[in-house]
Amino acid sequence: MKEYIMSFFNAPITNKVPAGVCSVAGLHTFITSNEYLKEMTLKVRSETEDEKLFRRKKQTLLPYVTPAGVFSYCKEQCIVVPSGLFVIDIDHLDSAAEAEAWRDRLFADETLKPDLAFVSPGTKGVKLLVPYRTDLKESLKQSFDTAVHCAWEYLEWRHGLKADTANADMSRACFLACDPDAKISTH
């Protein structure tokens with residue numbers, strides 16, 4: 001399996017300087033077993049009934065990554081090394097159980113072939129880190145945009161799911177949440 005790397009940022013979201021670099025395998029270990037992340041995830045999830053408070057806690061307490069690559073600063077023009085990954089974020093599912101079912105189903109999708117799948121901080125969503133190829137005839141941004149939009153169209157056509165289109169920016173933050181059953185690819 002290719003080892004993709006990305007920037008890791010400590011909370012809060014206003015922190016735009018990365019704390020370091022991580023791999024998909026390291027991220028999987030962090031999501032599935034880090035006690036501090038588990039504690040912060042529980043604090044954030046305790047506020048899911050109040051959207052404003054939930055959002056504020058998520059942005060204040062949870063670390064995040066930039067799946068599209070390594071950045072010197074969390075800003076699109078500050079990319080140092082592209083990872084070859086993008087994030088798909090599916091939100092507004094009916095329940096945590098439905099999110100877990102979609103995590104497993106989408107992880108097994110042979111067209112998307114995500115490298116990592118986990119339940120979102122709010123429990124009613126799924127995050128997928130999906131690999132893509134760059135086209136040598138296009139800029140990095142064009143290759144990224146094409147891959148992201150094709151994946152969104154595929155998700156809607158094949159699964160009837162709408163992805164969060166806010167993730168069109170290469171430097172978009174992907175909040176992390178504890179998910180002991182997160183899936184990681186071995187291909």
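The radius of gyration is taken here over C-alpha atoms, and the globule rule I compare it with is 2.2 Å times the number of residues to the power 0.38.

**Entry 1, overall form.** I am working from a predicted model, and I began with its overall dimensions. For 187 residues the rule puts the radius of gyration of a compact globule near 16 Å, and because the protein has 15 Å, I note that the two agree. Along the principal axes, I find that the C-alpha atoms fill a box of roughly 50 × 35 × 30 Å.

**Entry 2, burial and contacts.** I next looked up how much of the chain is covered, and found that buried residues make up 46% of the 187 residues, where buried stands for under 20% relative accessible area. The accessible surface comes to about 9400 Å², and carbon and sulfur atoms hold 52% of that area. Among the contacts with a separation of 6 or more, I record that 66% are between residues 24 or more positions apart.

**Entry 3, charges.** I counted 23 positive and 26 negative side chains in the protein, and I note that the centres of these two sets lie 3 Å apart.

**Entry 4, secondary structure and the open sheet.** The assignment I looked up gives 5 helices and 10 strands. I then followed one open sheet, in which 4 strands stand in the order 2-1-3-9 with antiparallel pairing. Strand 2 (20-23) and strand 9 (174-175) are at the edges, and each has a single partner strand, so one side of each is left without a neighbour in the sheet.

**Entry 5, strand 1 and its partners.** I gave strand 1 an entry of its own, and asked first how many bridges join strand 1 to strand 2. I find 4 bridges between strand 1, which covers residues 5-9, and strand 2, the two running antiparallel. Looking up individual positions, I see that Ser7 has Val21 of strand 2 as its bridge partner, while Phe8 stands opposite Gly20 in that strand. Towards strand 3 (residues 64-66), strand 1 pairs over 3 bridges, again in the antiparallel sense, and here I note Tyr64 of strand 3 as the bridge partner of Phe9.

**Entry 6, cover over strand 1.** My last question was how many of the residues of strand 1 are buried. I find that 4 of its 5 residues are, and I therefore write down strand 1 as largely enclosed by the rest of the structure.

Notes: Residues numbered from 1 in each chain as written. Predicted model: local features only at pLDDT ≥ 70, side-chain atom pairs only at ≥ 80, totals over all residues. Heavy atoms only, no water. Buried < 20%, exposed > 50% of the residue type's maximum accessible area, 1.4 Å probe, protein only. Contact = heavy atoms within 4.5 Å. Areas by Shrake-Rupley, 256 points an atom, 1.4 Å probe, with all protein chains shown as cover. Lys, Arg positive; Asp, Glu negative; His and termini not counted. Charge placed at Lys NZ, Arg CZ, Asp CG, Glu CD. Pairing = 2+ DSSP bridges.
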